[in-house]
Amino acid sequence: MDNLNLAKKAEVLCVLGKHLAHYGAETRLIVQSVKEMAADLGLAKIDLALTRTGITVKIIKEQEKVIEFAEITAFGINMGALTKLHQICLNVKEGKLKDPKEILQAINAVKAKTYDKKLLILIEAIAASAFAFLNGGNLAIMAATFCGGLILMFVRFYLLSRGFFECFVFTVSAFCGSTFTLIVAKCLFALPTNEISIAVMSTTLLLVPGFPFMNGFLDVFKGYMDVGISRLVNASVLTMAAAIGLIGTVYLVYSPLWEQM
């Protein structure tokens, strides 16, 4: 019975760490939350290993040993879900939740709030226009950027829904979005080259993975080198993928076909 109880506690800790990672918590927060939860569950000491692909919890109590592993498929971002998970941790600390089964159910019940994709596409396009404004763009530049942002996000969501891997999605969506911005800015508004550059750049800024970069740097600075470097590498690869798409658009600008337009 004690061994089953330890196994359930190890599962709780593993699932908590997995969910925290999945919703964008930095490594230090994951480690602290899991270890504090372990202490609240009456475990004096646990061994915890966190990597880019999984979390392992090992509990040794007297003659009993339990090892639990949970796979981490993605490091996303959802602050609402992180807040709910933190509240569960507080409830355990305050004694409002004691049974490991109830704690596990509460953790698994936390779901990321989703929004309508059409609304997200519109919001991201407005954000692209805001980027253009902050970079000194006028109304024409903002309008061209807005149009490109709509196409970029539509292509991104469409390809992701079809199961394409993320780097390919970043490349294609960056190319489609920035190219459409280029066409609108040149053919519809007849903008000069320097203003077209602002519009194209602002459109592609939607794909810069700022939050993964921030978490990666925080992990490195706080000593979690392996996870931090893997996050930075992943964010850098996505940025390069978006840059490849942007380079394709720049190539169009200097092509003979574009000069004829």
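## The largest pocket

In this predicted model, the largest pocket (an open set of points on a 1 Å grid over the protein atoms alone, with protein on both sides within 12 Å along at least five of seven lines) holds about 1300 Å³ of space, a volume being the space filled by probe spheres set on the points. The model being predicted, local features need pLDDT of at least 70 and side-chain atom pairs count only at pLDDT 80 or more, whereas totals for chains, interfaces and linings use all residues. Residues are numbered from 1 along each chain as its sequence is written, and side-chain values use heavy atoms, with hydrogens and water left out.

The lining (residues with an atom within 4 Å of a point) comprises 37 residues, and Phe75, Gly76, Ile77, Arg156 and Glu166 lie nearest the pocket centre. Among the elements that give two or more residues to this lining are α1 (2-22), α5 (117-134) and α10 (225-253), while α6 gives the most, with 5 residues.

## Helix α2

Helices here are DSSP runs (H or I, at least four residues), numbered from the N terminus. The 14 residues of α2 (residues 27-40) should span 20 Å at 1.5 Å a residue, which agrees with end C-alpha atoms 20 Å apart; the expected span is 1.5 Å times one less than the number of residues.

The buried residues of α2 (under 20% relative accessible area, 1.4 Å probe, protein chains only) are Thr27, Ile30, Val31, Ser33, Val34, Met37 and Ala38. Seen down the axis of α2, these buried residues fall within an arc of 170°, so they line one face of the helix.

Technical notes
1 Å grid on protein atoms, 1.4 Å probe; cavity = no way out; pocket = protein on both sides within 12 Å on 5 of 7 lines; lining within 4 Å. Buried < 20%, exposed > 50% of the residue type's maximum accessible area, 1.4 Å probe, protein only. Arc of directions from axis to C-beta.
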